[in-house]
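Biologist: Hi! Could you walk me through the reasoning behind some of the labels on this model?
Modeller: Gladly, let's look at it together.

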Amino acid sequence: VGVGYNAQVAVDDRHKLIVEQYVTNSGRDLGFLAQTAGAAREILGVEQIDAVADKGYFKGEDIAACEDVGVVPYVARPQRCPGINEGYFAKSEFRYAAEEDCYICPGDQRLDPYTRSQKNGHVNVRYGNARACRDCALKRQCASGARRTIDRWEGEAVLERMAERLAARPEIIDRRRETVEHPFGTIKQWMNQGAFLMRGLANVNAEFSLTALAYNLRRAINILGIPALLRAV
């Protein structure tokens, strides 16, 4: 919607109304899911909402924060392992056994934790089994080096719960596209606002707030009609 600015919106699935909106000068969506969806839940005045977002919002700490503000997140997990493009097994093909704190690899071998690291408060545990990798018949499909390792975020259980929800409702990702692309398409094409006219974050936020208001009024007229809208006002 504008060079240097990133519009964040929460859109109602039923009526395609913009519930929450603001603009940031961040080049990425990471870290804005709980903030945006949590604000939308408060505006709607409900105890809990489902929030569906694309892979650009996949950040463990932010997804965990959703559960603290009454938001049930649905975000598809991106495949960030470079080895996948080379045909190696994805992390999802390694099963985590919580009761034993280990991974079971595609070759049915056990990978145990052997090191722990921390960066910017994000704690990772690395799992591996050098002896099993050395003699594994599937090694060519798994690793180019001496062994395959798996990193696990300390709070990854929240991501596994979300993966189970997504597996139970796979259609929800397609519904997100239909929902959130509606206002952006309308604003860019029908309202001819493909770029911001203002400069400065505060001014751009004011501009986008007015744009969202105009969009919502147009949607309300389409849904209710002008007489019903005037009676409601």
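**Labels and the reasons for them**

Modeller: Let's start with aspartate 101, found in the loop between E5 and strand E6 (102-104). Keep in mind that this is a predicted model.

Biologist: Why is aspartate 101 called partly exposed?
Modeller: Its relative accessible area is 29%. Partly exposed lies between the 20% and 50% cut-offs, so aspartate 101, at 29%, takes that label.

Biologist: What makes the phi of aspartate 101 worth a remark?
Modeller: Phi of aspartate 101 is near 50 degrees, a positive value in a residue other than glycine. Most residues other than glycine have a negative phi.

Biologist: And aspartate 108, why is that one called exposed?
Modeller: Exposed means over 50%, and aspartate 108 has a relative accessible area of 62%, so the label fits. This residue sits in the loop between E6 and E7, and its phi is positive too, near 65 degrees.

Biologist: How do you know that valine 71 is buried?
Modeller: The cut-off for buried is under 20%. Valine 71 has a relative accessible area of 2%, and therefore counts as buried. Valine 71 belongs to strand E4 (residues 71-75). Leaving aside neighbours within four places in sequence, valine 71 is in contact with residues including Ile49 and Cys66.

Biologist: What makes strands E7 and E8 a pair?
Modeller: Pairing takes at least two bridges. Strand E7 (residues 110-119) and strand E8 (residues 122-128) have 7 bridges in the antiparallel sense, so they pair. For instance, proline 113 has tyrosine 127 in E8 as its bridge partner.

Methods:
Residues numbered from 1 in each chain as written. Predicted model: local features only at pLDDT ≥ 70, side-chain atom pairs only at ≥ 80, totals over all residues. Heavy atoms only, no water. Helix = DSSP H or I, 4+ residues; strand = E, 2+ residues; numbered from the N terminus. Buried < 20%, exposed > 50% of the residue type's maximum accessible area, 1.4 Å probe, protein only. Contact = heavy atoms within 4.5 Å.
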